[in-house]
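Reader: Hi! Could you walk me through this model?
Author: Happy to, here it is.

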Amino acid sequence: MARVDRLRVYPIKGLDGIELERAELVAGGTLARDREFRLVDADGAVVNGKRTARVHDLETGFDPETGEFTAESADSDRRRFDLEDDPERAADWFGEVFDLEVTLERDPSLGFVDRREMGPSVISTATLETVADWFDGLTVESVRRRMRANVEVAGVEPFWEDRFVGADAPSFLAGDVRFDGVTPCGRCVVPQRDPDTGEPTPEFRERFVERRRETFPEWADEDAFDHYYTLMLIAAVPERHRERTLRTGDSVEVVGE
């Protein structure tokens, strides 16, 4: 049976995610706590994995109930910060790590997702397993951390999420929350790196594109994809379905075909 298998949010944009058993849809249409915070430099530019591989040197955690954030770099002790009440202290520490003057910004109503007019990202477990098989030594968890999806659906075929974009694409219900596909997710440099070390996987993009082309589903609308270096669905949640709760184990049903 198709079901929500994992829910993951990324409290500080570009850093580690945390797994949840339930997640609220906020008024802006994203998952609560997802990219709620971001680090920006003195010029207002975001500090994330697209900009620096230094993010992979950090091990971070977050308690969504208390707002306590934990962080450790390769050359520091484990630190604890209250991101809501004392963001300046956390920003000072990150500034030392990145050797930048940084500010910690917060947006609890929408979060700092890349596509702020859209919503959660979706991928199937079978897709992650398939991509892991394309590369020697890659584990499913490594691919999961590279792709950084919010919602993972089990009990469906590889690239299941590709069916929700293009002409006459259906939508799906996860529990009582409707997801409408908006666009396939074109990938950046981040998936090419080992999430623990930041080391690039040799010829990752070339191998990925080759295998993606070879395995592209016949039932997907290829015209909806600008190129083959895409993986994951960016969806939107209709306004009437927001401020509801998504849970692991929720059944998933395709609607509107």
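Reader: Thanks! Is Cys-185 buried or exposed?
Author: Cys-185 is buried, at a relative accessible area of 6%. Buried means under 20% relative accessible area, exposed over 50% and partly exposed in between, with a 1.4 Å probe and protein chains only. A word on the basis: this is a predicted model, where local features need pLDDT of at least 70, side-chain atom pairs count only at pLDDT 80 or more, and totals for chains, interfaces and linings use all residues. Residues are numbered from 1 along each chain as its sequence is written, and side-chain values use heavy atoms, with hydrogens and water left out.

Reader: How many disulfides are there?
Author: The structure has zero disulfides, a disulfide being a pair of cysteine sulfur atoms within 2.5 Å.

Reader: Why no bond for Cys-185?
Author: Because its closest cysteine sulfur, in Cys-188, is 7.8 Å away, which is too far for a bond.

Reader: And what about the exposure of Cys-188?
Author: Cys-188 is partly exposed, with 26% relative accessibility.

Reader: Changing topic, what order do the strands take in the sheet?
Author: The open sheet has eight strands in the order E2-E1-E10-E9-E13-E12-E11-E15, and the pairing is mixed. Strands (E, at least two residues) and helices (H or I, at least four) are DSSP runs numbered from the N terminus, and two strands pair if DSSP finds at least two bridges between them.

Reader: Which strands stand at the edges?
Author: Strand E2 (18-20) and strand E15 (252-255); each has a single partner strand, so one side of each lacks a neighbour in the sheet. From one strand to the next, the twist averages 35°. Axes are lines fitted to C-alpha atoms, for helices over the stretch in contact, and angles run from 0 to 180 degrees between N-to-C directions.

Reader: How many bridges join E12 to E13?
Author: Five, between E12 (residues 177-186) and E13 (residues 230-236), and the two run antiparallel. Pro-184 has Leu-233 in E13 as its bridge partner.

Reader: Which strands does helix H2 lie across?
Author: H2 (residues 125-133) lies across E1 (3-9), E9 (121-124), E10 (151-154) and E13, at about 65° to E9. Helix H3 (residues 140-147) also lies across E1, E9, E10 and E13, at about 60° to E1.

Reader: Last one: where is His-241 found?
Author: In the loop between E13 and strand E14 (245-247). His-241 counts as buried at 10% relative accessibility.

Notes
Contact means heavy atoms within 4.5 Å.
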